[in-house]
Amino acid sequence: MNVLYRYFIAIGIILTFTFIASQRAVAGNFITQTDSVKKIALPKVPVKLPKVKAPKAPKVKAPQLPAKKTDSIKIKPPGLLKKLSQDLIKALQFRKRAQAKEKIRVIKLVDSLVIQNPEMAKATDLNQLKQQLTDSAKMRYNELVIKLLALQKEVSVLADTSADSVKNQQTINTLVAKVVPMLKSVENDQTVNLSRQKRIQVIRGLFGQPATKKDTAKINDTLSLIYRLRLKHKKPVWGYVSYQNQDNGVNYNYEILSGALFYTYQLDPYSGYIKDLGNSHTSAVMKQVLPGKSAIHLSFFYDGINISSFLTNKYSQATFNASVLKQLQTNQVNWANIFFANIPVAQQQNFTTFIRNLYKFCKNNNPAFQLSITLPGLGNNTAYSLKDLDPYVSAFVLDFSKSYTGKAGPIAPLYGYRNNNIQSAIAKFANTGILPAKFMLCLPYQGIQYTFSKPGAAAASPVYIPYKTIRSKFNNAFYNLDSTVAFATQTSKTGAIDTVWFDDENTLAKKYDYIFLSGLGGVVVRNLEDGDGYGELWDALTDKFMDFDTVRIKTINNSLHPLKLTFWQNVQKYYYLFNKPCDTTFNAPMQKMLGISVKNNRPVFKKTVKEAMDALHIVNLVLAVILIVGIIVLIYYIRMEGEWWPWKKPLTGFLIVIVHLFILTGFMSLYLMDSIPWFGASNKDGCINMPFHDLMGIIIFGLVTGMLIMRFLIFPFIKKEDIP
C-alpha cells in the first residue's frame, strides 16, 4: 500500500507549492500597500527626525488605504492550506519497518511523476503511484477519504478571488476527485483478493484428495445429492523442466500442471544423434509428473548457429527421427517438442520438410504421437511457415523468454515498447488463419537485468536471472501499468545502477487474463525451477487456470437415509423398536433425532427392524457356535481327565451365561418377527403393544415362581411320597 502513501505525499507537496505561491501573492499585495503609504504620508508632513517616535509608525493601517477589489483576497489560503497539509502529512504513516532511505526514494518518485507537472498529474501517473505503493504500506482509507473530501469543501472560491487562487482551487479539486475513487477502488481490490484467497483455499483442499471421497448436500426436505468435487483445468498448464535444473521439484504443485516439457535432449546438427543431458533432478521431476499427465513432452533442442547443416542433411534427419522415436518409446511418452533456435529465413522450406517427415515417421510407428514446436514470440520468426506446419503440429509454443529488441527494457511486456509486446505478437500470429487455441503462450519465470554505470549512460549487455534470485537480491518492486511488467533497481557501492524487469504474480495474472481474452490454448512456464520456493507464482496459476466442478453420483431420498448417529443414539433407535412393538413409524422426537423430515417414515422403520433382526441373527449364530464348541470341549476334558479337571467349573459357568444370552437374543429375534402378531412387533391386527422389557419381566417372574413352587412344594411332596 506504499502507493497511497506516495499519493498523499504528492498531494502534500502540491499543497505546499500552492501555499508558497499564495504566500508570495499576499506578500506582493502587502508590499504594494506599504509602498503607497510611503508615497502619501511621508512627503507631505514636515517632521524633525530627532522628535520622531518609532513606536508610532505601526499605527498606520494599510488596509484602510484604497485598493483594487481584484487585488484583495477574502480567504486565507496560507493558514488553511498549511493546516490541511499538516493533517495530510500526519495521515501518511509508513510501516514500522520502513527505513529513512525508503522515504527519500518515495519523495523522489513522487517528484518525478507529479511535481514536474504541478497543475495536474496524468491519470497514468496516479495509477502507477497507486500500483507501486499498494504492496508495501497500509493506510486508513476511510479517514483519508474524509480528509480529502474536507479539503475539497473547505477551500471555497469567492467572486473576487484572484485567478491564481481559482486555478489552484481547481487543481486541488480535480486531484481529489481522482484520488478518492482510487482509494475506494483499493478497498474493492482488497475484497476481491479476499474472495480470491478463499477460492484458492478450496482448491488447495482438493489437491491430493482421493477420487472415492464423497459428500452429501441437502436439496430439499425430501431429497439429498451425493456428489464429489473434481479439479479441472480451464486451459492447459505446461511447464519447462531444464537439464540445468538443480532441485528435485519437491515444491512443485503437480496437480496444477496438465503437462511438462523436459528440455534435456540436445541435437548434434552434423550427425543427427541426440545427447541426453538429463540428470537426477530432472529424473525425479519426471517420476512425479508422469502419473496422470497426458501432455508430457520430450524437448529436443539446438541453440547453436549450425542448424542449417542439419536441415540440409537428409541422413542426419533420418538418424534424428529414429532417435526421437526411441526416446519416446523408452520413456513411454507420446509428445515431442522441437525447439530449434536461430533458423535462417532461407531454411524455411527445409524446416517444413523436416517437420513433415518427422511427423509421418513417428505417427506410423505410434498412432498417439503428437508434435509441438517452440518458436520465438518476438524477434525473427519468419523462418516458420505456420500455414504449412499447421497440419503436423498440435501446439505452437510462443516463447517470450528472451529479449530481441537490443534495448534496455522488459522481456515480455503485454503492451507498449513500440509493438515489441505480447499483444502485437499474438495479433500477428492470429492473422495467419490458424486457430488461436493452437498457440500456447510461454512466459518466463526469469527477468532481464541491465547495468548502467551512471544515470543516463548506455546499458551493459543484459543478464537473465531467475525469479528466485530477483526476490533475494532486490527489496522493492514497482509496476509499469502501461506495459504490465514489474521492475526493480539497486545501486551498487561503485554507483552503478542495476535495473531488472521481470514478472511476478501480479503481472503474470494480467497476462493469464489475456490468454483467456484472446482465446489462446493455454500457458507454458519457463522454467519451473526458476520460481522454486515462491508459492505466490503457483497461486496465480491456481487462481486463473484451476477450477472444480461437481460430479453428480446419485440423488437419495432423505426418508430412507437418516443422519449418521452416535452409539448412544443407535441404542435409543433400537430400544424404540422393543419399547413400541406395534408402531410402524417413528414418532416426532425420534424423527428429529434421526434427521427424518417425512412423517410417513415407514420405509425407514422397516429398514431399522430388518437391520436389528439381521444383527440378532448374527449374534444368535455366534452364540450357538460358542455354545456347541464349549460343550464339546467340556465333555472331552471330563472324559480325558475326569471330574477333577480344574477348568470344569469356570467353563461350566461360562456356558451357562452363553445359554442365557442365547435364549435372550432368541426371544428378541422372535419379538421383532412380523409373522408372530401376538408376540412382539407386528403391523397386523391383534398386535399386543407390550414393551419387550415388560414381556421379559413377566417371563422371568413366571420362571422364578415356577422354580420356587417346584423347590418348596412339588419336590418335598414327591420326596415324602417316596419314603416307605
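These legends go with close-up views of a few spots in a predicted model. Local features need pLDDT of at least 70, side-chain atom pairs count only at pLDDT 80 or more, and totals for chains, interfaces and linings use all residues. Residues are numbered from 1 along each chain as its sequence is written, and side-chain values use heavy atoms, with hydrogens and water left out.

**View 1. Strand β6, covered on both faces.** β6 covers residues 295–302; strands here are DSSP runs (E, at least two residues) and helices are too (H or I, at least four), numbered from the N terminus. Eight of its eight residues are buried, meaning under 20% relative accessible area with a 1.4 Å probe, protein chains only. Ala295, His297, Ser299 and Phe301 sit on one side, with Ile296, Leu298, Phe300 and Tyr302 on the other.

**View 2. The neighbours of β6.** Strand β4 (residues 259–267) runs parallel to β6, joined by seven bridges, and β7 (residues 335–340) pairs with β6 in the parallel sense over six. Strands count as paired if DSSP finds at least two bridges between them. Look for Phe300: Tyr265 is its bridge partner, and Ile338 in β7 stands opposite Phe300.

**View 3. Helix α14, from end to end.** The 14 residues of α14 (505–518) should span 20 Å at 1.5 Å a residue, and the end C-alpha atoms are indeed 20 Å apart. That expected span is 1.5 Å times one less than the number of residues. Among the buried residues of α14 are Leu508, Tyr512 and Ile515. Right after the helix comes Gly519, with a positive phi near 75 degrees.

Notes. Buried means under 20% relative accessible area, exposed over 50%, partly exposed in between (1.4 Å probe, protein chains only).
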